[in-house]
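Here's a quick briefing to read with the model open beside you. Have a look at the fold first, then work through the notes by topic.

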Amino acid sequence: MGRSANLPRGLVDRFRARDGQWPDDTGCSMLHVDMDAFYASVEIRDNPELAGKPVIVGGTANRGVVSAANYLAREYGVRSAMPTAHARRLAPHAVFVTPNYARYQEVSRGVMAIFRDITPLVEPLSLDEAFLDVSGALRRLRATPGAIAETIRDQVERAEGVTCSVGVAPTKFLAKLASGMCKPDGMMVVPKAAVLEFLHPLPVSALWGVGKRTAEQLDRVGLETVADVAATPLPRLRRVLGVALAEHLHALAQGLDDRPVVPSSREKSIGAEETFEVDHFDRELLRRELLRLSERSAGTLRERGLRGRTVSIKVRFADFTTITRSKTLRVATDVTQEVYKTAATLLDEQVPPGAVRLIGVRIEQLVEGEGGEQLMFDAPERGWREAEQAADQARTRFGRAAVTPATLLAAVPLQPNLPEPQPDR
């Protein structure tokens, strides 16, 4: 929404971190994640010579329209959907770039995969924004909503080289408001106990569903702030706006919004990826990381009662060139060792040498986990599955570190993740 310029002075700062401490995020399990100037950010990441310049993505001919603009270009009044000719008059020195939608979709898939590694309750609104319900992740990871939001921001930047802003709140409406107010590259927490303190000073245009015409209608009857709408009796508001819109806006003005996060479709894949602190050439280290990621991915399959037929790996090199390689198995599996050996074979046989920035494992063609039994490399799967299920139970009770493959015991984690669950005492 990005309406911070219209906010009462100091309101935004009251809901950001102070001296390293965030406001109380208890009960704030709704996150809205919004990428910052997404298309333009991807172009700048892939073309570092554009850094520090106004960048406009869109039709380069005068008859085209602007698809996106970075924040430097926006300072000159350039906005998306604006005719290119107008944008050129506002910012004649800006760099105009032809859109590469396939590239944006690829980065978006990587971002959404990070979200789904945190929680299956992800509702994408477009390529560059989504709602997340992290209530289940709070229990599983024993982390606060704010800590999860910070982790998401960190992982998106390190894995994809672009930034995002995150709103943390009790409802979807408030989370979306907050993410827009803290752009770019920010985070805001709206405490459950301070919803009205946050909401009521805002202009009526902050309410979801209030456009220019509705704002004018409200202004004509003296309603300028959200507090004004909240204090107006519903019968009067219905006479001004009609029944449906009046009831919708009156509820939002009270901080009420019970809409759940609705995943757009059944999960099509499950996976995990890791961005290294420094680029790596060492294939043994990469294989060890594939084992770690295979264990996480297969464990998620077992947790959700799924199996997958296709194993794929993703490798991003130091120059951000990204490749994927995959193999489809004869029978779907949820066994870590099967996933890992397939991924390691893909790495050894189909990935050229080079400095690797990111590596990932993904399992696709998912089916319910009651399918036929898979025999793995001449060894019965049953033994592996029983051992891994026992390990899953131990991790659930005592934390992820309770059981781990021997190969990983001496390995130092390559980047920090969310705090490990601690055993009950």
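Are K314 and E273 buried or exposed? Both of them are buried. Keep in mind that this is a predicted model. The two residues form a salt bridge, with 3.5 Å between the closest N and O atoms, and that pair links distant parts of the chain.

**Salt bridges**

- A search of the whole structure turns up 22 salt bridges, and a few of them are worth a look.
- In the K314–E273 pair, K314 sits in strand β10 (residues 306–317) and E273 in strand β9 (residues 269–280), 41 residues apart.
- E106 and R103 make a salt bridge through their side chains, at 2.8 Å from N to O. Both belong to helix α5 and are 3 residues apart, which is about one turn of the helix.
- E106 counts as partly exposed because its relative accessibility is 22%, and the cut-off for buried is under 20%.
- R103 has a relative accessibility of 13%, so R103 counts as buried.
- Both pairs feed into something wider: R45, D46, R103, E106, E160, E273, K314 and R316 are linked in a network of salt bridges.
- Over in helix α14 (residues 283–303), R292 and E289 are also 3 residues apart, about one turn of the helix. Their side chains meet in a salt bridge at 3.1 Å, N to O, and both residues are buried.

**The five-stranded sheet**

- There's an open sheet of 5 strands with mixed pairing, and its order reads β5-β6-β1-β7-β8.
- β5 (122–126) and β8 (187–189) are the edge strands, each pairing on one side only.
- Going from one strand to the next, the twist averages 15°.
- Helix α5 (residues 101–118) packs on this sheet, where it touches β1 (30–35), β5 and β6 (129–133). The direction of α5 makes about 155° with that of β5.
- At the β8 end, strand β7 (residues 164–169) pairs with β8 in the parallel sense, over 3 bridges. To find the register, look for V166, whose bridge partner in β8 is M187.

**Strand β2 and its partners**

- Strand β2 (residues 55–58) is covered on both faces. V55 and V57 lie on one side, I56 and G58 on the other, and all of them are buried.
- How many bridges join β2 to strand β4 (residues 95–97)? The count is 3, and the two strands run parallel. V55 has V95 as its bridge partner in β4.
- β2 is also joined by 3 bridges to strand β3 (residues 66–69), this time antiparallel. Here the bridge partner of V57 is A68.

**Cavities**

- The model holds 3 cavities of 30 Å³ or more.
- How much space lies in the second largest cavity? The figure is about 60 Å³.
- The second largest cavity has a lining of 10 residues, and R116, D117, I270, G271 and R304 lie nearest its centre.
- Helix and strand both contribute to that lining: α5 and β9 each supply at least two residues.

**Putting it together**

- α5 keeps turning up: the helix packs on the five-stranded sheet, carries the E106–R103 salt bridge and helps line the second largest cavity.
- β9 does double duty too, as the strand that holds E273 and as a supplier of lining residues for the second largest cavity.

Technical notes:
Residues numbered from 1 in each chain as written. Predicted model: local features only at pLDDT ≥ 70, side-chain atom pairs only at ≥ 80, totals over all residues. Heavy atoms only, no water. Pairing = 2+ DSSP bridges. Helix = DSSP H or I, 4+ residues; strand = E, 2+ residues; numbered from the N terminus. Axes fitted to C-alpha atoms, helices over the stretch in contact; angles between N-to-C directions. Contact = heavy atoms within 4.5 Å. Salt bridge = Lys/Arg side-chain N within 4 Å of Asp/Glu carboxyl O. Buried < 20%, exposed > 50% of the residue type's maximum accessible area, 1.4 Å probe, protein only. 1 Å grid on protein atoms, 1.4 Å probe; cavity = no way out; pocket = protein on both sides within 12 Å on 5 of 7 lines; lining within 4 Å. Points joined across faces, edges and corners; volume = space filled by probe spheres on them.
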